[in-house]
Amino acid sequence: MSNEQKAKPLLTNREREVFELLVLDKTTREIAQQLFISEKTVRNHISNIMYTN
């Protein structure tokens, strides 16, 4: 199977990191601080995770 035929992962690496921290019951603020990103970016990732089809 060529690279072009491989399925795209449902979540990006960063979305996966955010998801794993959510499962650990971390707050948006805690996730942002741990990953060195803004809380708005965390919320965007959560939104992407929730609406991935």
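**Three helices and how they meet**

Helices H1 and H2 in this structure are oblique to each other. I will start from that and work outwards. The model is a predicted one, so please keep that in mind throughout.

First, the overall layout. The protein has three helices and zero strands. Read along the sequence, the pattern is α-α-α. The protein has 53 residues, and 21% of them count as buried. On contacts, take the pairs of residues at least 6 apart in sequence: 40% of those contacts join residues at least 24 apart.

Back to the pair I opened with. H1 covers residues 13-23 and H2 covers residues 28-35. Their axes come within 10 Å and cross at roughly 135 degrees. An angle over 145 would count as roughly antiparallel, and 65 to 115 as roughly perpendicular. The crossing of H1 and H2 fits neither range, so the two helices are called oblique. In handedness, the crossing of H1 past H2 is right-handed.

Which residues of H1 and H2 meet? From H1, they are Arg 14, Glu 17, Val 18, Leu 21 and Leu 22. From H2, they are Ile 31, Gln 34 and Leu 35. Sorted by class, this contact of H1 with H2 has five nonpolar residues, one polar residue and two charged residues.

Now H1 by itself. Its buried residues are Glu 15, Val 18 and Leu 21. These cover an arc of only 125 degrees around the axis, which puts them on the same side of H1. The face turned away from that buried side carries Asn 13 and Val 23, both exposed. What do the buried residues of H1 pack against? They pack against H2 and also against helix H3, residues 39-50. Val 18 and Leu 21 are thus names you have heard twice: they are buried in H1, and they are among the residues that meet H2.

Just after H1 comes a residue to look at on the screen, Asp 25. Asp 25 sits in the loop between H1 and H2. Its phi is near 65 degrees, a positive value in a residue other than glycine. Is Asp 25 buried or exposed? Its relative accessibility is 66%, so it counts as exposed.

Next is H2. The buried residues here are Ile 31, Ala 32 and Leu 35. They cover an arc of only 100 degrees around the axis, and this places them on the same side of H2. On the other side, Arg 29 and Gln 33 are exposed. The buried residues of H2 pack against H1 and H3.

The loop after H2 can be described much as I described the one before it. H2 is followed by Phe 36, whose phi is positive. The value is about 60 degrees, although Phe 36 is not a glycine. Phe 36 lies in the loop between H2 and H3. With 77% relative accessibility, Phe 36 counts as exposed.

That brings us to H2 and H3. Their axes come within 8 Å and cross at roughly 105 degrees. H2 is therefore roughly perpendicular to H3. In this contact, H2 supplies Thr 28, Arg 29, Ile 31 and Ala 32, while H3 supplies Glu 39, Val 42, Arg 43 and Ile 46. By class, the contact of H2 with H3 has four nonpolar, one polar and three charged residues. Ile 31 takes part in both helix contacts: it meets H1, and it meets H3.

My last stop is a residue within H3, His 45. Why does His 45 count as buried? Its relative accessibility is 15%, and buried means under 20%. Leaving out residues up to four places away in sequence, His 45 touches Arg 14, Glu 15, Val 18 and Ile 37. Of these, Glu 15 and Val 18 were named earlier as buried residues of H1.

To recap the geometry: H1 and H2 are oblique, and H2 and H3 are roughly perpendicular. H1 and H2 each keep their buried residues on one side, with arcs of only 125 degrees for H1 and only 100 degrees for H2. In the loops, Asp 25 and Phe 36 have positive phi values without being glycine. That is the end of the talk.

Methods
Residues are numbered from 1 along each chain as its sequence is written. This is a predicted model: local features need pLDDT of at least 70, side-chain atom pairs count only at pLDDT 80 or more; totals for chains, interfaces and linings use all residues. Side-chain values use heavy atoms; hydrogens and water are left out. Axes are lines fitted to C-alpha atoms, for helices over the stretch in contact, and angles run from 0 to 180 degrees between N-to-C directions. Helices (H or I, at least four residues) and strands (E, at least two) are DSSP runs, numbered from the N terminus. Angles under 35 degrees count as roughly parallel, over 145 as roughly antiparallel, 65 to 115 as roughly perpendicular and the rest as oblique. A crossing is left-handed if the near helix is turned anticlockwise from the far one by less than a right angle, and right-handed if clockwise. Contact means heavy atoms within 4.5 Å. Ala, Val, Leu, Ile, Met, Phe, Trp, Tyr, Cys and Pro count as nonpolar, Asp, Glu, Lys and Arg as charged, and the others, Gly among them, as polar. Buried means under 20% relative accessible area, exposed over 50%, partly exposed in between (1.4 Å probe, protein chains only). The arc is that of the directions from the helix axis to the C-beta atoms.
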